[in-house]
Amino acid sequence: MDSMLLRLLFTIIGEKQPTLLSSGSSVVAALDRLECIYGAVFYEIFKTPIVDNGSEFADADGIERSARHKDAKRTTVYYCHAYSSCERGTNENINRMIWRRQFPKGTDFDKVTVAEVKCVETWLNDYPREILSFMSSAEAFKIAFDRAA
């Protein structure tokens with residue numbers, strides 16, 4: 001199976017190596033790792049992931065189940081309606097910027113290097129966004145993290 005980049009509205013700040021994910025178990029493992037790294041702050045920062053109906057998000061129970069607290073939920077995941085990109089407008093605009101500028105249609109992600117992903121990640125994290133009052137996602141994440149901590 002070809003690798004896919006996990007594109008979520010929240011951006012992981014400070015990861016030393018970006019992760020290419022290829023399945024639902026990879027998504028759950030990444031969320032488990034983030035929950036363990038961020039601890040109690042995770043629940044304030046990552047409240048409501050809104051995802052598409054891709055197979056990598058099929059394990060709703062795994063996405064919602066806490067890795068830190070047995071029998072507890074870490075979050076509630078919401079799925080968009082099929083073919084309703086307007087339900088995730090900001091995400092779709094960002095995806096368009098990534099795909100048109102960095103990874104055009106037909107890109108073989110098995111050949112994309114970690115350095116290339118890191119370059120796009122840095123550009124994306126530092127890009128000012130109107131929806132964030134022209135702050136970058138890195139700046140907005142730091143503010144949200146500091147408030148939650």
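**Exercise 1. The nonpolar cores**

Find which residues touch the most other members of the largest nonpolar core, and which elements supply this core.

*Solution.*
Step 1. The largest nonpolar core has 14 residues, and Leu31, Tyr38, Phe42, Phe46 and Ile63 touch the most other members. A nonpolar core here is a set of buried Ala, Val, Leu, Ile, Met, Phe, Trp, Tyr and Cys residues joined through side-chain atoms within 4.5 Å. Buried means under 20% relative accessible area, exposed means over 50%, and partly exposed lies in between (1.4 Å probe, protein chains only).

This is a predicted model: local features need pLDDT of at least 70, side-chain atom pairs count only at pLDDT 80 or more, and totals for chains, interfaces and linings use all residues. Residues are numbered from 1 along each chain as its sequence is written, and side-chain values use heavy atoms, with hydrogens and water left out.

Step 2. Now the elements. H1 and helix H2 (42-45) each give two or more residues to this core. Helices (H or I, at least four residues) and strands (E, at least two) are DSSP runs, numbered from the N terminus. H1 gives the largest share, 5 residues.

Step 3. Look for another core. A second, separate one has 9 residues, and Met97, Ile98, Phe109 and Val120 are among them.

Step 4. Put this in context. In soluble globular proteins, nonpolar side chains tend to be buried together.

**Exercise 2. The contacts of Phe42**

List the residues that Phe42 touches, not counting residues up to four places away in sequence.

*Solution.*
Step 1. Apply the contact rule: heavy atoms within 4.5 Å.
Step 2. Phe42 touches Leu31, Leu34, Glu35 and Arg74.
Step 3. Follow two of these names further. Glu35 and Arg74 also belong, with Asp32, to a network of salt bridges.

**Exercise 3. Salt bridges**

State how many salt bridges the structure holds, then work through individual pairs.

*Solution.*
Step 1. The count is 4 salt bridges. The criterion is a side-chain nitrogen of Lys or Arg within 4 Å of a carboxyl oxygen of Asp or Glu. Side chains of opposite charge can pair when their charged atoms come close.

Step 2. Take Asp32 and Arg74. Their side chains meet at 2.8 Å, N to O. Asp32 lies in helix H1 (residues 24-38) and Arg74 in the loop between helix H3 (60-64) and strand S4 (78-79), so the pair ties together parts that are 42 residues apart in sequence. Asp32 is partly exposed at 24% relative accessible area. Arg74 is buried, at 4%.

Step 3. Take Lys73 and Glu64. The closest N and O atoms of this salt bridge are 3.6 Å apart. Lys73 is exposed at 53% relative accessibility, whereas Glu64 is buried at 15%.

Step 4. Take Asp146 and Lys142. Here the closest N and O atoms are 2.8 Å apart. Both residues lie in helix H6 (residues 137-148), 4 residues apart, about one turn of the helix. Asp146 is partly exposed, with a relative accessible area of 44%.

**Exercise 4. Helix H6 and its aromatic partners**

Check the span of H6, locate its buried residues, and describe the ring pair between Tyr38 and Phe145.

*Solution.*
Step 1. H6 has 12 residues and reaches 16 Å from its first C-alpha to its last, close to the 16 Å expected. The expected span is 1.5 Å times one less than the number of residues.

Step 2. The buried residues of H6 are Ser137, Ala140 and Phe141. They cover an arc of only 100° around the axis, which puts them on the same side of H6. The arc is taken from the directions from the helix axis to the C-beta atoms.

Step 3. The whole structure has 5 aromatic pairs. Rings of Phe, Tyr and Trp (its six-membered ring) pair if their centres lie within 6.5 Å; planes under 30 degrees apart count as stacked, over 60 as edge-to-face and the rest as tilted. Tyr38 and Phe145 are edge-to-face, with 5.6 Å centre to centre and 65° between the planes. This pair links H1 to H6 across 107 residues.

Step 4. Tyr38 is buried at 14% relative accessibility. Phe145 is partly exposed at 25%. Together with Phe141, Tyr38 and Phe145 form one aromatic cluster.

**Exercise 5. Positive phi**

Give the phi values of Asp71 and Ser133, and place each residue.

*Solution.*
Step 1. Phi of Asp71 is near 65°, a positive value in a residue other than glycine. Asp71 sits in the loop between H3 and S4 and is exposed at 77% relative accessibility.

Step 2. Phi of Ser133 is near 55°, again positive in a residue other than glycine. Ser133 lies in the loop between strand S5 (128-129) and strand S6 (135-136). Ser133 is exposed, with a relative accessible area of 62%.
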